[in-house]
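Here is a set of questions about how structural terms are earned. Each answer sets a value against a cut-off and then concludes.

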Amino acid sequence: MTPGPGRGAARLAARWRRWRRAPLPPRAALAPLALVALGVVIGFPLLSSMALRWVPATHGAVLAGLLPLMTALYSAVRGDERPSAAFWLVAVLGAALVVAFALSQGGGALHLADLLMFLAVAAGAVGYAEGGKLARTLGGPQTISWALLLALPLVAPLLAWYYIPRPQAFASVGAAAWAGLAYVTVFSMFVGFFFWYRGLAMGGIARVGQVQLLQPFMSLVGAALLLGGPLTLHDSLFALGVIGVVVAG
């Protein structure tokens, strides 16, 4: 479970808001902010961490390559953007490569962990698209800060429910795990969104969102360097194929 980073990032968001004296968001922004909170603060990290209990980090990373297509689809359904037919062709090709990878790793069938990752991707897509649109008026820092604060009433009870009855859960946590938690809290769930939402607002949600297709390759390399995970030729070829889709797009 990963409610901890969300709570820590919410504290950072509160301090940032006081430091910047940021005004309250307009009432019209509350519903989209709630979707951002449910998507990127709660849904994606919680569901993906559950999935990664059963599949390697490399497998989950390539499945996350579906995010660009899902983000573009959500943005198009919302009527925010209308990508060209050529864009959709390339985006679907990238998604097909990701699904083919999942099937090849699962012995020709999708498993529960794959379903959890797909749900995580759907949640992330909603949060990315709604946040990118909000950042055009609120800015990236305010968008993620208010989303984190809105999620806090849900995250805090979840954290208490999971850890208070299990104080021994902290006993086995090593320094590397604490360092990873700190990194996810500060950068993945807070500072990184300053730049990500700013980029989506400037360049378009569907177009800039395709940069996420690079994430599997970077995650494969990161998992090999930091976690000692296997970096096989099979994984690398699929990741390189996805990168080729980014170039084509």
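Q: Why is R136 called partly exposed?
A: The model is predicted, and every value here is computed from it. R136 has a relative accessible area of 41%. Buried needs under 20%, and exposed needs over 50%. The value falls in between, so R136 counts as partly exposed.

Q: What makes E81 and R136 a salt bridge?
A: The closest N and O atoms of E81 and R136 are 3.3 Å apart. The limit is 4 Å between a side-chain nitrogen of Lys or Arg and a carboxyl oxygen of Asp or Glu. The pair E81 and R136 therefore qualifies as a salt bridge.

Q: Which parts of the chain does the pair of E81 and R136 link?
A: E81 sits in the loop between helix 4 and helix 5. R136 belongs to helix 6. The two are 55 residues apart, and the pair links distant parts of the chain.

Q: Is E81 buried or exposed?
A: E81 has a relative accessible area of 15%. The cut-off for buried is under 20%, so E81 is buried.

Q: How many salt bridges does the structure hold?
A: There are two. One of them joins the side chains of E130 and R78, at 3.2 Å from N to O. That value is within 4 Å, so the pair E130 and R78 meets the definition.

Q: Why can E130 and R78 be said to tie together separate parts of the sequence?
A: E130 lies in helix 6. R78 lies in the loop between helix 4 (67–77) and helix 5 (85–105). They are 52 residues apart in sequence, so the pair ties those parts together.

Q: How do you know whether E130 is buried or exposed?
A: E130 has a relative accessible area of 3%. Under 20% counts as buried, so E130 is buried. Its partner R78 has 39% relative accessibility and counts as partly exposed.

Q: Why are helix 6 and helix 8 called roughly perpendicular?
A: The axes of helix 6 (residues 112–138) and helix 8 (residues 175–203) cross at roughly 75°. They come within 8 Å. Angles of 65 to 115 degrees count as roughly perpendicular, so the term fits helix 6 and helix 8.

Q: Which residues make the contact between helix 6 and helix 8?
A: Helix 6 brings G127, Y128, G131, G132, A135 and R136. Helix 8 brings F193, W196, Y197, L200 and A201. By class, this contact has seven nonpolar, three polar and one charged residues.

Q: Which residues have the most contacts inside the largest nonpolar core?
A: They are V40, Y128, I144, L148, F190 and Y197. The core has 56 residues. Helix 6 gives the most to this core, with 11 residues.

Q: What does I144 touch, leaving aside neighbours within four places in sequence?
A: I144 is in contact with V40, M189, F190, F193, F194 and Y197.

Q: What makes T71 buried?
A: T71 has a relative accessible area of 1%. That is under 20%, so T71 is buried. T71 lies in helix 4. Beyond four places in sequence, T71 is in contact with A125, Y128, A129, I205 and Q212.

Q: Why does A51 count as buried?
A: A51 has 0% relative accessibility. The cut-off is under 20%, so A51 counts as buried. A51 is placed in helix 2. Setting aside neighbours within four places in sequence, A51 is in contact with A113, L116 and M117.

Q: Is L213 buried or exposed?
A: L213 has 3% relative accessibility. Under 20% means buried, so L213 counts as buried. L213 lies in the loop between helix 9 (205–209) and helix 10 (215–226). L213 touches G65, P68, V242, V245 and V246, not counting residues up to four places away.

Q: What makes R21 exposed?
A: R21 has a relative accessible area of 76%. Exposed means over 50%, so R21 is exposed. R21 lies in the loop between helix 1 (3–20) and helix 2 (30–51). Phi of R21 is near 50°, a positive value in a residue other than glycine.

Q: How many helices and strands does the protein have?
A: The protein has 11 helices and zero strands. Of its 249 residues, 42% count as buried.

How values were computed
Residues are numbered from 1 along each chain as its sequence is written. This is a predicted model: local features need pLDDT of at least 70, side-chain atom pairs count only at pLDDT 80 or more; totals for chains, interfaces and linings use all residues. Side-chain values use heavy atoms; hydrogens and water are left out. Axes are lines fitted to C-alpha atoms, for helices over the stretch in contact, and angles run from 0 to 180 degrees between N-to-C directions. Helices (H or I, at least four residues) and strands (E, at least two) are DSSP runs, numbered from the N terminus. Angles under 35 degrees count as roughly parallel, over 145 as roughly antiparallel, 65 to 115 as roughly perpendicular and the rest as oblique. Contact means heavy atoms within 4.5 Å. Ala, Val, Leu, Ile, Met, Phe, Trp, Tyr, Cys and Pro count as nonpolar, Asp, Glu, Lys and Arg as charged, and the others, Gly among them, as polar. A nonpolar core is a set of buried Ala, Val, Leu, Ile, Met, Phe, Trp, Tyr and Cys residues joined through side-chain atoms within 4.5 Å. Buried means under 20% relative accessible area, exposed over 50%, partly exposed in between (1.4 Å probe, protein chains only).
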